[in-house]
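Hi,

Here's the structure I said I'd pass along. Have a look, and my notes follow below.

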Amino acid sequence: MVWFLGLGFAGLVVLAVALLFDGVLEGLFGGVEALNGLFDGLISLPVVAGFVSMLGFSGAIVTGTTGLGPAAATAVAVPAALLTAWGAYRATRVLMNDGSGSAPREADVVGVTGVVVTAISAGGYGEVLVRLAGQPVKLAARADRPLLRGTRVWVDQSLSSTSISVRPVEH
């Protein structure tokens, strides 16, 4: 049972190393062609850590509760370890391929309200603070008429990635 517990705790250490030094091993082996992609799939540190930990802890549980020998405990623990490794692989793939973090585009600012922070002069530019994707963004702004600082505005057009056209919000 001591060997199984040792494997379980060794797997936890591997998992801690994977979390603390994420990408370091890939960087160390980045120049070696034969190892490119080795840590990217089924042989990633989280998968190895899950397999080793589950093998060790399952073997210890089977040995301690049933009185079976190490060979029988290993036979029971290996399927559990493979299932855990597969789950760790799927979980890391889902997390690595999450595409929800797309950057806002120029058109996303149209229709957003904001506040003039630097007065907009007639025919000139000022600055407007808007919230885009939950973040405050200060953009250069142009309007048809002069607007004072503190005026609530509505973005009616994106002129470029850093400038917009606004009009005052009518109450």
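What do the buried residues of α1 pack against? They pack against α3 (45-66) and α4 (70-96), with contact meaning heavy atoms within 4.5 Å and buried meaning under 20% relative accessible area (exposed is over 50%, partly exposed in between; 1.4 Å probe, protein chains only). Helices here are DSSP runs of H or I, at least four residues, and strands are runs of E, at least two, numbered from the N terminus.

Before you dig in: this is a predicted model, where local features need pLDDT of at least 70, side-chain atom pairs count only at pLDDT 80 or more, and totals for chains, interfaces and linings use all residues. Residues are numbered from 1 along each chain as its sequence is written, and side-chain values use heavy atoms, leaving out hydrogens and water.

Now α1 itself. Helix α1 covers residues 2-20, 19 residues in total, and reaches 27 Å from first C-alpha to last, close to the expected 27 Å (1.5 Å times one less than the number of residues). Its buried residues are F4, G8, G11 and A18. Down the helix axis they fall within an arc of 80° (directions from the axis to the C-beta atoms), so they line one face of α1. Turned away from that buried side are the exposed V2, W3, V13 and L20. L15 also lies in α1 and is partly exposed, at 33% relative accessible area.

Elsewhere, A107 sits in the loop between α4 and β1 (113-118) and counts as exposed at 54% relative accessibility. Its C-alpha is 6.4 Å from that of S158, 51 residues apart along the chain.

Cheers
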